[in-house]
Amino acid sequence: MWAEIGSELWRVSWSRDVYCTELETHKARKPHRCMSCGESINVGEAYRRWRCYDSGDAGTVKMHPECHAAHCACAEGCGPWEFEPFGQPRPELESKREEIE
């Protein structure tokens, strides 16, 4: 089944109708855990968020912007994407690469 988040379609595994909210960017006021890489989203860091509703159940997905961007880039030209929660490595930030060089 596919769910629409913003202007993108997302594959979901639920067997019933699912509604997902628009993709948003927030600044963390408390620590969170990235659903993609499993690492912390620290206070003050930006993160991407959307919520899904399924027959009375609700879930929230939060990701580092670079994790979300990596999923989108990987699926570019292939249509919607799905992911295994906490199963992907966190992409290296461009600013960290510049500090090392």
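Okay everyone, this is a quick walk through the strands, the core and the salt bridges of this structure.

Housekeeping first. This is a predicted model, with local features needing pLDDT of at least 70 and side-chain atom pairs counting only at pLDDT 80 or more, while totals for chains, interfaces and linings use all residues. Residues are numbered from 1 along each chain as its sequence is written, and side-chain values use heavy atoms, with hydrogens and water left out.

Let's start with strand S7, residues 46-54. When I say helix or strand, I mean DSSP runs numbered from the N terminus: H or I with at least four residues for helices, E with at least two for strands. Two strands pair, for our purposes, if DSSP finds at least two bridges between them.

So which strands pair with S7? Strand S3, residues 19-20, does so in the antiparallel sense over two bridges, and there Tyr19 sits opposite Tyr53. S4 is antiparallel to S7 as well, over four bridges, with Lys27 facing Ala46. Then S8 pairs with S7, again antiparallel, over seven bridges; Arg51 stands opposite Thr60 there. S7 and S8 also make a hairpin with two residues between them, and Ser55 in that turn has a positive phi of about 45°.

Now the core. A nonpolar core here is a set of buried Ala, Val, Leu, Ile, Met, Phe, Trp, Tyr and Cys residues joined through side-chain atoms within 4.5 Å. Buried is under 20% relative accessible area, exposed is over 50%, and partly exposed is in between, using a 1.4 Å probe and protein chains only. The largest such core has twelve residues, among them Val18, Ile41, Trp50, Val61 and Met63, plus cysteines including Cys20, Cys34 and Cys67. The elements giving two or more residues to it are S7 and S8, and the largest share, three residues, is from S7. As background, nonpolar side chains tend to be buried together in soluble globular proteins.

Right, charges. How many salt bridges are there? Taking a side-chain nitrogen of Lys or Arg within 4 Å of a carboxyl oxygen of Asp or Glu as the rule, the count is three.

One brings us back to S7: Glu24 and Arg49 meet at 3.0 Å, N to O. Glu24 is in strand S4 (24-27) and Arg49 in S7, so this pair ties together parts that are 25 residues apart in sequence. Both ends are partly exposed, Glu24 at 30% relative accessibility and Arg49 at 22%.

Next up is Arg90, which meets Glu39 at 3.4 Å, N to O. Glu39 is in the loop between S5 and S6, and Arg90 is in the loop between H1 and H2, so the contact ties together parts 51 residues apart in sequence. Glu39 is partly exposed at 38%, and Arg90 is partly exposed at 23%.

Arg90 also meets Glu66, at 2.6 Å, N to O. That links the H1-H2 loop to helix H1, 24 residues apart. And is Glu66 buried or exposed? Buried, with a relative accessible area of 16%. Through shared partners, Glu39, Glu66 and Arg90 join into one network.

That's my tour, thanks.
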